[in-house]
Amino acid sequence: MGKKVTVVGAGFYGSTTAQRLAEYDVFDTVVITDIVDGKPAGLALDLNQSRAVEGFETKVVGVTTGPNGEGYEAIEGSDVVVITAGLPRKPGMSRMDLLETNAKIVRQVSENVARYAPNAVVIVVSNPLDEMTALAQIATGFPKNRVLGQAGMLDTARFTNFVAEALSVPVKSVTTLTLGSHGDTMVPVPSRSTVDGKPLRDVMPAEQIEELVVKTRNGGAEVVALLKTGSAYYAPSAAAARMAKAVAEDSGEVMPVCAWVDGEFGISGVYLGVEAELGAEGVKRVVTTELDADELASLKEAAEAVRAKQSDVANM
């Protein structure tokens, strides 16, 4: 039985994620769904026609879904479901501005995922990310390890890119880490960041690190402001696709993701950006990273900030 992955939402983010997943050639089938009639089928047709050029065999299937769950039978047997559905940000909007609108969409999608793909691992990318991940877990009723969110992978990639550009060094020589929330209480972790194996703090002054931390925190808003319509999708889709691949391959790879935290770092009962080992069951375990006192305090602060908002979504 081959692996099957579903991407819900055929906007720029969803279609790019589907493309990356197909081109990995580790899945038998990639299903892409959307409420816009014909759009997912058109994308699937186009992607399938690229197989001969790019040399992958994964088949892409596009399905239009309806308000009462029509079409969702196509996702049956999915090992992984990536939820990208929801409105993107517009210039001047915060991720939290999307809360009520996207909560309705994510709840409806999650209920259909639970019905048709009850054994799937769910990766949420809809904003506001931490809250939508919590809502997807509530709406599916899945074990918490099988529902996770894509945030830290993207924020870490942004931080790494900014450090590499500032120092004019190759991206692969830089390692960084961001934890906490996908938003204002993001916690970049300079103590775990290195350039060519040397601590970041040894090669960059503290005030410049702080500037890049702020730039990382505002990374998504900067893209939104420049695009004027829509939001980032190349880097976010790369992050989500890598997570889906790690789950499909049961790789045990450690990645920064939004995961359920229950006792780690002295924090309990909340979805939060942490490092986690990913595999076939979703989050195998949360990896407790060595943090300095300031970073740990910031992580606990982030946990409390998202906890209050996550309790609100239960009734949405």
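Trainee: In what order do the three strands of the open sheet stand?

Mentor: Keep in mind that this model is predicted. The open sheet has three strands, and their pairing is antiparallel. Reading across the sheet, the order is β7-β10-β11.

Trainee: Which strands stand at the edges, each with a single partner strand?

Mentor: Look for strands that have one side left without a neighbour in the sheet. An edge strand has a single partner, so one of its sides stays unpaired. Here the edge strands are β7 (174-175) and β11 (198-199).

Trainee: Okay, and which residue in β11 stands opposite threonine 194?

Mentor: Start with β10, which covers residues 194-195. β10 and β11 pair in the antiparallel sense over two bridges. Across from threonine 194, in β11, you'll find proline 199.

Trainee: Now for β13 and β14: what is the bridge partner of glutamate 275?

Mentor: Strand β13 spans residues 268-279 and strand β14 spans residues 282-287; they run antiparallel and are joined by five bridges. A hairpin through two residues takes you from β13 to β14. In β14, the partner of glutamate 275 is valine 287.

Trainee: Switching to helices, are α1 and α10 parallel or oblique to each other?

Mentor: The axes of α1 (residues 12-24) and α10 (residues 234-248) come within 9 Å and cross at roughly 45°. Angles under 35 degrees would count as roughly parallel, and 65 to 115 as roughly perpendicular. The two helices are therefore oblique.

Trainee: How many nonpolar residues does the contact of α1 with α10 have?

Mentor: On the α1 side, the residues include Tyr13, Leu21 and Tyr24, and they meet α10 residues including Pro236, Ala240 and Ala244. By class, the contact also has three polar and three charged residues. The nonpolar count is nine.

Trainee: Which residue does a cis peptide bond join to asparagine 127?

Mentor: Check the loop between β5 (121-124) and α5 (129-140). The cis bond there has an omega of about -5°. The residue joined to asparagine 127 is proline 128.

Trainee: And what is the phi of aspartate 250?

Mentor: Aspartate 250 lies in the loop between α10 and β12 (254-262). Its phi is positive, in a residue other than glycine. The value is near 50°.

Trainee: Last one: how far apart do the end C-alpha atoms of residues 154-311 lie?

Mentor: An unreviewed UniProt entry annotates residues 154-311 as "domain: Lactate/malate dehydrogenase C-terminal". In the model, that span is 46% helix and 25% strand. Its end C-alpha atoms are separated by 25 Å.

Note on methods. Residues numbered from 1 in each chain as written. Predicted model: local features only at pLDDT ≥ 70, side-chain atom pairs only at ≥ 80, totals over all residues. Heavy atoms only, no water. UniProt positions renumbered as here; feature names shortened; annotations may be inferred. Helix = DSSP H or I, 4+ residues; strand = E, 2+ residues; numbered from the N terminus. Axes fitted to C-alpha atoms, helices over the stretch in contact; angles between N-to-C directions. Parallel < 35°, antiparallel > 145°, perpendicular 65-115°, else oblique. Contact = heavy atoms within 4.5 Å. Nonpolar A, V, L, I, M, F, W, Y, C, P; charged D, E, K, R; others polar. Pairing = 2+ DSSP bridges.
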